[in-house]
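Visitor: I am new to this structure and would be grateful for a close look at a single part of it. Could you please take me through the surroundings of the ligand, and then through the aromatic rings of the protein?

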Amino acid sequence: MFTHMLWFEELPSTQDFLKDKSLPFGTVVVSNRQTRGRGRYGRSWHSQDGGLYFSFLLEDMNNLQELPLVFGLSVCEFLESLGVVPSIKWVNDVYVEGKKICGILVEKSKGKVIVGIGLNVNQGSFPKNLQATSMLLASGREYKCVDVLLILTDYILKNLDLFKSKGFLALRDKIKARLLFLDQEVIIYNDPPVVGILTDLSEKGELVITTAEGSKKIISGELTLRGFGLS
Ligand code: BTN
């Protein structure tokens, strides 16, 4: 399914490259560095050497809100195969030991879906303002980015196939088992904010929060553990 791969030394953003060009579905664009790497909510994505920055071009699909979780699960399964213990911070991030190791950005543009992944691989340190870690820091080993990409892509393809053929429900339990903050008191910074216990993941990938007013399903917003200000 991933038919073409383009690998650059440096790009402004692999995400923008796929947005601007007319390339076949199934193309993967990778860059060793990005000068204008982007994250969610218009944030910049720190894209120094040592990380893996790549984007997939997929055909448009209906259940887009579940897609970051499918990619997050794939990243987790890949990291677990190396002995690292990751969690999915709903809805777009993967954490290890309380620090972000991977961010996922799903965007829709002109009938196509672009999924960008920033995975911290060999960085030995990060700016102090970032609560970040890397595969090197988590495991004490360096990795070849090309090997990481090829093996990770296998996990992504396996889970995408399952998602397309059987739906999100086929993956839900595996994702729920890896959810950060499950059974803990959290805040979702919506307007108004939702405070409660994160009790479940719905069949559509929504967070189920048990609040003083009853159970609420959350489709978007930024999740934080109450009292810690982790983001
Ligand atoms: C986030 O955590 O907010 C998502 C970060 C996504 C970063 C990746 S790196 C590859 C691709 N190109 C970009 O400019 N952003 C995504």
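Guide: Please keep in mind that this is a predicted model. I shall begin with the ligand. Around it there are 20 residues, and those that come nearest are S13, Q34, R38, R40 and K100. Three of these names return when polar side-chain atoms are considered. A polar side-chain atom of K100 lies 2.6 Å from an oxygen atom of the ligand. For S13, the distance from a polar side-chain atom to a ligand oxygen is 2.7 Å. Q34 faces another kind of atom: a polar atom of the Q34 side chain lies 2.9 Å from a nitrogen of the ligand. As for cover, the ligand on its own has 420 Å² of accessible area, and the protein covers 98% of that area.

The shell may also be described by the elements that supply it. At least two residues each come from α1 (14-20), β3 (52-59), β6 (99-109) and β7 (112-119). Strand β6 gives the largest share, with four residues. By character, the shell holds six nonpolar, 10 polar and four charged residues.

Let us now turn to the aromatic rings. The count of aromatic pairs comes to four. One of them joins F8 and F17, whose ring centres are 5.0 Å apart; their planes meet at 55°, so this pair is tilted. The two partners can be described by their accessibility. F8 has 27% relative accessibility and therefore counts as partly exposed, while F17, at 14%, counts as buried because the limit for that class is under 20%. The ring of F17 has a further neighbour, since K21 lies over its face at 4.6 Å from the ring centre.

Another pair is formed by F56 and F71. Their ring centres are 5.6 Å apart with planes at 55°, so this pair, too, is tilted. It links distant parts of the chain, as F56 belongs to strand β3 and F71 to helix α2 (residues 67-80), 15 residues apart. F56 counts as buried, at 0% relative accessibility, and F71 is likewise buried, with a relative accessible area of 0%. Ring pairs also bring in F54, which forms a cluster with F56 and F71.

Strand β3 thus appears in both parts of this account: β3 supplies at least two residues of the shell around the ligand, and F56 of the tilted pair lies in β3.

Conventions. Residues are numbered from 1 along each chain as its sequence is written. This is a predicted model: local features need pLDDT of at least 70, side-chain atom pairs count only at pLDDT 80 or more; totals for chains, interfaces and linings use all residues. Side-chain values use heavy atoms; hydrogens and water are left out. A residue is near a molecule or strand if one of its heavy atoms lies within 4 Å of it. A polar contact is a pair of N or O atoms within 3.5 Å; within protein, one must be able to donate a hydrogen and the other to accept it, and residues adjacent in sequence count only if both atoms are side-chain atoms. Accessible areas come from the Shrake-Rupley method with a 1.4 Å probe; for residues, only the protein chains shown count as cover. Ala, Val, Leu, Ile, Met, Phe, Trp, Tyr, Cys and Pro count as nonpolar, Asp, Glu, Lys and Arg as charged, and the others, Gly among them, as polar. Rings of Phe, Tyr and Trp (its six-membered ring) pair if their centres lie within 6.5 Å; planes under 30 degrees apart count as stacked, over 60 as edge-to-face and the rest as tilted. Buried means under 20% relative accessible area, exposed over 50%, partly exposed in between (1.4 Å probe, protein chains only). A charge sits over a ring if NZ of Lys or CZ of Arg is within 6 Å of the ring centre and within 35 degrees of the ring normal.
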